[in-house]
Amino acid sequence: MKTSIATVSLSGELPEKLDAIAQAGFDGVEIFENDFLAFDGSARDVGRMVRDHGLEITLFQPFRDFEGMPEPQRSRTFDRAERKFDVMQELGTDLVLVCSNVSPIALGGLDRAATDFRELGERAAKRGLRVGYEALAWGRHINDHRDAWEIVRRADHANIGLILDSFHTLARKIDVNSIRSIPKEKIFIIQLADAPLIDMDLLYWSRHYRNMPGEGDLPVLDFMRSVAATGYDGYLSLEIFNDLFRGGSTRSIAIDGHRSLIYLGDQVKRSEPDIAMTVPDMPGPVEVNGVEFVEFAANEEDAEELASLLRTLGFRKTGKHKTKEVGRYSQGSINLVINTEREGFAHSSYAVHGTSAYALGLNVADAGATLERARALGAEQFGQSVGPSEIGMPAIRGVGGGVLYFVDGKSELKNIWAIEFEPVEDDIATKDAGLLQFDHVAQTMNFDEMLTWLLFYTSILKARKTPMVDIIDPAGIVRSQVVENETGTLRITMNGAENRRTLAGHFLAEKFGSSVQHLAFRTDDIFKTAAALKANGFVPLQISPNYYDDIEARFGLDPDLSDRLKEANILYDRDESGEYLQLYSPNYGEGFFFEIVERKGYRGYGAPNAIFRIAAQKRYIRPQGMPRTR
């Protein structure tokens with residue numbers, strides 16, 4: 001499997017782009033003409049830079065408005081083509097992309113276009129070059145790859161072939177099975193892009209909203225299955241136009257791009273096992289049995305305060321690490337770990353972010369296989385020295401530079417709590433609150449990071465992403481999307497902040513980066529839980545009384561139920577699947593909080609309630625300019 005990316009897909013200057021492309025693991029690069037024209041060096045210099053990075057120039061593009069032109073414009077297009085050929089030979093590439101004509105003076109007719117390409121093929125052959133024809137979705141006469149293929153077929157020249165772009169085919173909802181009958185030797189390169197489903201002008205959609213395969217909503221896998229069925233085993237190349245990517249991290253976007261292609265190739269191989277395409281071997285997507293633990297990094301003072309809050313939630317201290325200053329707090333199947341070590345990664349995380357939930361442990365079917373798949377998909381392995389009475393847990397770096405650990409039930413990892421921790425009896429009495437398990441983990445990040453981490457999770461784990469929803473904050477919009485599995489044993493909500501005035505944005509600014517902002521625990525009886533919490537001294541987030549008058553009318557609630565909700569500060573939502581009840585803690589620190597939920601068939605996350613919850617939480621936020629008390 002050979003991977004490539006167009007320079008237009010990345011931000012930065014050409015040398016920076018080439019370095020990022022090589023570092024991400026690509027084999028080749030498409031040189032977009034504007035990147036070449038903006039570069040001060042010669043075509044030979046560009047070609048030398050590319051080869052010095054161990055890359056191949058897979059394509060020079062684009063050559064516009066060629067076929068079907070009337071005279072004298074037709075003659076000038078051939079003159080322009082010869083100039084392009086000069087540049088290609090200096091660059092050291094043999095393939096140029098010709099996109100279908102959009103000129104208002106272009107003439108239609110398949111035979112006319114085929115004649116033009118036959119002549120262009122003759123000129124290219126004299127120089128040992130090839131020409132690939134691509135149907136733009138908004139082409140004046142040719143906007144369907146089936147018509148482009150017919151032109152290539154009629155041109156009947158060895159140096160003229162087809163370039164297929166997933167966006168142009170899928171945006172027009174063209175049957176991808178029509179690709180299966182195209183001879184593989186006539187497909188010169190495959191360009192790939194995904195996109196969110198948006199009803200807008202095709203050109204604008206393409207120029208601003210493309211993203212990596214797996215990050216959008218188009219059926220790119222179906223497209224690639226049809227390509228693979230031809231026996232094609234050439235370059236898979238990304239051509240992405242995206243406003244966020246143009247201003248994003250060159251290195252991160254290049255890594256995302258390479259991951260997306262490897263993930264796509266793996267999906268194709270699993271659905272079409274007899275394909276000729278060579279795809280890296282890796283274990284399959286990983287089944288997640290649940291969240292095993294969340295670990296906090298803290299200092300001694302903050303740890304005491306956090307532990308006190310956990311006890312009001314019904315948690316008891318159940319273990320102490322045998323060799324480190326690490327405590328375990330448990331309830332139901334929920335494990336929370338507080339790490340106050342003064343060296344190691346947890347301490348480094350505390351030094352940067354303050355007290356935070358820096359590590360997440362997932363219980364998976366096979367921890368070793370999970371790590372192997374993650375590494376194959378470009379994840380950064382995490383490791384630190386393992387002391388006495390410790391197990392080296394497989395781990396990778398995750399959101400915000402935190403850690404994602406993997407444990408399983410088939411290795412010694414299943415006994416990690418017994419091996420690493422001594423059981424203790426909590427000397428502070430607390431009442432069990434009926435919390436059973438993690439319902440979901442909520443991670444907050446800058447909006448422009450969301451696609452990266454959605455692809456990260458969905459490529460490694462056996463999980464899907466839900467549609468994006470808008471979370472209304474009185475100070476702006478926060479975009480939210482969820483990674484979850486079918487059984488509900490994995491639910492990670494990802495919230496993208498666009499300004500620091502929102503609660504999510506404030507949290508990011510105060511924590512110096514992305515992190516877990518809240519943990520949600522499930523109960524089977526939220527009213528019983530609320531009573532136990534009250535007995536423990538827990539004070540819930542105070543919700544406006546006006547909210548309860550509204551939901552009573554909106555949902556037709558029994559007044560007695562409405563009164564019970566109001567008394568306990570429990571939020572309520574209902575959809576076609578069932579009911580959802582939510583109870584929140586006030587903020588801990590600069591925006592971290594806990595949530596308790598009861599699900600009655602409900603599949604969502606209470607998005608309609610977010611504005612009321614956030615308004616209540618903002619009353620606890622430290623005013624801007626006021627110093628911290630500790």
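Which unit do β1, helix α1 and β2 make? In this predicted model, the three elements form a right-handed β-α-β unit. Helix α1 covers residues 14-24, with strand β1 at residues 2-6 and strand β2 at residues 28-32. The two strands of the unit pair with each other in the parallel sense, through 3 bridges. One residue pair helps to place this register: Ile5 has Val29 of β2 as its bridge partner.

Strand β1 also has a partner in β8, which spans residues 235-238. Here too the pairing is parallel, and it extends over 4 bridges. Within it, Thr3 is found opposite Leu236 of β8. Of the 5 residues in β1, 4 are buried, so the strand is largely enclosed by the rest of the structure.

These pairings belong to a wider arrangement. A barrel is closed by 8 strands, taken in the order β1-β2-β3-β4-β5-β6-β7-β8, and the pairing is parallel. From one strand to the next, the twist averages 30°. As general background, strands of a sheet pair through backbone hydrogen bonds, in either a parallel or an antiparallel manner.

Helices can be placed against this framework as well. Helix α4, made up of residues 73-91, lies across three strands, namely β3 (56-63), β4 (95-99) and β5 (130-134). Relative to β3, helix α4 runs at about 160°.

Another helix pair worth a look is α9 with α11. Helix α9 (residues 220-229) packs on helix α11 (residues 250-271) at an angle of about 65°, and their axes are 10 Å apart. The crossing of α9 past α11 is right-handed. On the α9 side, the contact is made by Val220, Leu221, Met224, Arg225 and Ala228, which meet Leu264, Gln267, Val268 and Ser271 of α11. Sorted by class, this contact comprises 6 nonpolar, 2 polar and 1 charged residues. The spacing of such positions can be read with a simple rule in mind: an α-helix has 3.6 residues a turn, so residues three or four places apart point the same way.

Further along the chain, strand β17 (residues 435-446) offers a second view of strand pairing. With β22, which covers residues 515-523, strand β17 pairs in the antiparallel sense over 8 bridges. In that pairing Val441 has Leu519 of β22 as its bridge partner. With β21 (residues 491-497), by contrast, β17 pairs in the parallel sense, over 6 bridges. Asn446 is matched there with Ala497, its bridge partner in β21. Because 9 of the 12 residues of β17 are buried, this strand is largely enclosed by the rest of the structure.

Helix α16, at residues 450-460, is likewise largely enclosed by the rest of the structure, because 11 of its 11 residues are buried. The buried residues of α16 include Met450, Leu451, Trp453, Leu454 and Phe456. Thr452, Thr458 and Ser459 are also among them.

Finally, the backbone holds a few details that reward a closer look. In general, most residues other than glycine have a negative phi, and most peptide bonds are trans. A cis peptide bond nevertheless joins Gln61 and Pro62, with omega at about -5°. Pro62 sits in strand β3. Another cis peptide bond links Glu71 to Pro72, where omega is about 5°. Pro72 belongs to the loop between β3 and α4.

What phi value does Asp156 have? Its phi is near 50°, which is positive in a residue other than glycine. Asp156 occupies the loop between α6 (145-155) and β6 (160-165). The relative accessibility of Asp156 is 66%, so this residue counts as exposed. Asn569 has a positive phi too, near 60°, and is again a residue other than glycine. Its place is in the loop between α20 (559-568) and β23 (571-575). Asn569 counts as buried, because its relative accessibility is 8%, under the 20% cut-off for that class.

Terms used
Residues numbered from 1 in each chain as written. Predicted model: local features only at pLDDT ≥ 70, side-chain atom pairs only at ≥ 80, totals over all residues. Heavy atoms only, no water. Buried < 20%, exposed > 50% of the residue type's maximum accessible area, 1.4 Å probe, protein only. Pairing = 2+ DSSP bridges. Right-handed = clockwise from strand over helix to strand, strands pointing away. Axes fitted to C-alpha atoms, helices over the stretch in contact; angles between N-to-C directions. Contact = heavy atoms within 4.5 Å. Left-handed = near helix turned anticlockwise from the far one by under 90°. Nonpolar A, V, L, I, M, F, W, Y, C, P; charged D, E, K, R; others polar.
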